[in-house]
Amino acid sequence: MDVLIRATYKEMSKVAAQIIAEHVRARPDSVLGLATGSTPVGTYQELARMHREEGLDFSKVTTFNLDEYLGIGMDLTLSADEDQSYRRFMHEQLFKHINVPESRIHVPDGLVDPAMADEYCEWYEEKIAEVGGIDVQVLGIGGDGHWAFNEPGSSLESRTRIEPLTKDTIDDNYRAFYKNAGVKKSEMPHFAVTMGIGTILEFTHHALFIANGAGKAGVVAKALEGPVTSQVTASAIQLFDGTVTVVLDKGAASKLKNRAHYEHVERLKREGAC
Ligand code: PGA
């Protein structure tokens with residue numbers, strides 16, 4: 001596990017975007033696993049800049065998103081403020097700024113009939129399997145330690161499914177997104193369709209875990225250095241056998257016990273010593 005610590009959110013975002021761009025350049029038909037939330041916005045802005053200014057080509061790329069709120073889907077008849085779907089978020093933050101074809105974009109369908117959810121979730125995983133898994137998967141972390149919407153208590157072997165959101169997640173996401181749009185908290189979705197932790201572990205070849213801000217420092221330290229536990233589903237980072245890169249700003253890294261070691265290893269690697 002490489003842990004890269006940068007002074008600012010902007011630098012963290014640049015490093016994360018650079019890692020994704022390296023995959024896309026090396027293999028133009030890369031499969032990208034994407035995440036929503038405020039954390040990856042800077043990464044997506046940097047990818048959009050690379051597309052615009054450096055011609056980074058996404059025309060053969062396929063994308064899969066981790067999750068979507070249950071009960072909503074992208075509705076272009078609404079304004080971006082009114083449409084809080086993750087599909088819309090991805091459209092506004094990334095997809096409309098790059099040249100990934102619509103037919104290669106996959107975001108779980110929040111409008112799935114809950115009675116058909118099991119079949120739908122199996123289908124979503126089959127689509128990922130068909131393309132050989134996810135070359136690089138962007139992962140943020142929720143305040144309660146979740147990855148995607150795998151809330152505390154989700155099995156580390158869980159698969160794509162419908163999951164109820166915790167009160168903490170509803171509060172966090174309400175503050176960050178819904179409140180500004182004038183939506184009442186009671187009207188915010190309380191369920192999501194989410195890839196499971198087992199799904200992420202099975203399909204991801206390179207995990208790119210990003211976090212910023214001192215507010216995330218405690219939960220980042222638990223995920224990276226605490227016990228592996230379903231109470232902090234992002235602690236599954238310790239179970240990956242593929243490549244793992246963690247990119248943090250200095251706030252998010254501020255409670256890591258082994259911070260000096262991570263910085264030492266990065267220096268050695270930069271100097272070509274390992
Ligand atoms: P955030 O959310 O990036 O808005 O903090 C992360 C998450 O909930 O996974």
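Before anything else, a definition: on a 1 Å grid over the protein atoms alone, a pocket is an open set of points with protein on both sides within 12 Å along at least five of seven lines, and a molecule sits in a pocket if more than half of its atoms lie within 2 Å of the pocket's grid points. With those words in hand, I can say that the ligand sits in the largest pocket, and I should add straight away that what we are looking at is a predicted model.

Let me begin with the ligand, and with a question: which residues are around it? They are Gly37, Ser38 and Thr39, then Ile141, Gly142 and His146, and finally Lys216. If we sort this shell by class, we find one nonpolar residue, five polar residues and one charged residue. The count of polar residues may surprise you until you recall the convention used here, in which Gly is placed among the polar residues.

Some of these neighbours can be described in more detail, because a polar contact here is a pair of N or O atoms within 3.5 Å. Thr39 has a polar side-chain atom 2.5 Å from an oxygen atom of the ligand. For Lys216, an N or O atom of the side chain is 2.6 Å from a ligand oxygen, and for His146 the corresponding distance, again from a side-chain N or O atom to an oxygen atom of the ligand, is 2.8 Å. As for how much of the ligand is covered, the ligand taken alone exposes 280 Å², and the protein buries 82% of that.

Now I would like to turn to the loops. Ala148 belongs to the loop between β6, residues 134-139, and β7, residues 161-164. Its phi is near 50°, which is a positive value in a residue other than glycine. As background, most residues other than glycine have a negative phi. Is Ala148 buried or exposed? Ala148 counts as buried, because its relative accessibility is 10% and the cut-off for buried is under 20%.

Another loop runs between β4, residues 67-69, and α3, residues 86-93, and Gln84 is found there. Gln84 counts as buried, since its relative accessibility is 15%, and a polar atom of its side chain lies 2.7 Å from the backbone oxygen of Asp81. Ala80 is also in the loop between β4 and α3, but Ala80 counts as partly exposed, with a relative accessibility of 33%. How far apart in space are the C-alpha atoms of Ala80 and Ala181? They are separated by 9.2 Å, although the two residues are 101 residues apart along the chain.

Let me finish with three helices. Ile19 is in helix α1, which covers residues 9-26, and at 11% relative accessibility Ile19 counts as buried. Between the C-alpha atoms of Ile19 and Asp83 the separation is 30 Å, with their positions 64 residues apart along the chain. Glu130 has its place in helix α4, residues 117-130, and Glu130 is exposed, because its relative accessible area is 60% and exposed means over 50%. From the C-alpha atom of Glu130 to that of Ala253 is 36 Å, for a pair 123 residues apart along the chain. Last comes Ile197, in helix α6, residues 197-203, which is buried with a relative accessible area of 0%. Ile197 and Ser13 are 184 residues apart in sequence, and their C-alpha atoms are 24 Å apart in space.

Technical notes: Residues numbered from 1 in each chain as written. Predicted model: local features only at pLDDT ≥ 70, side-chain atom pairs only at ≥ 80, totals over all residues. Heavy atoms only, no water. Near = heavy atom within 4 Å. Polar contact = N/O pair within 3.5 Å; in protein donor to acceptor, adjacent residues only side chain to side chain. Areas by Shrake-Rupley, 256 points an atom, 1.4 Å probe, with all protein chains shown as cover. 1 Å grid on protein atoms, 1.4 Å probe; cavity = no way out; pocket = protein on both sides within 12 Å on 5 of 7 lines; lining within 4 Å. Helix = DSSP H or I, 4+ residues; strand = E, 2+ residues; numbered from the N terminus. Buried < 20%, exposed > 50% of the residue type's maximum accessible area, 1.4 Å probe, protein only.
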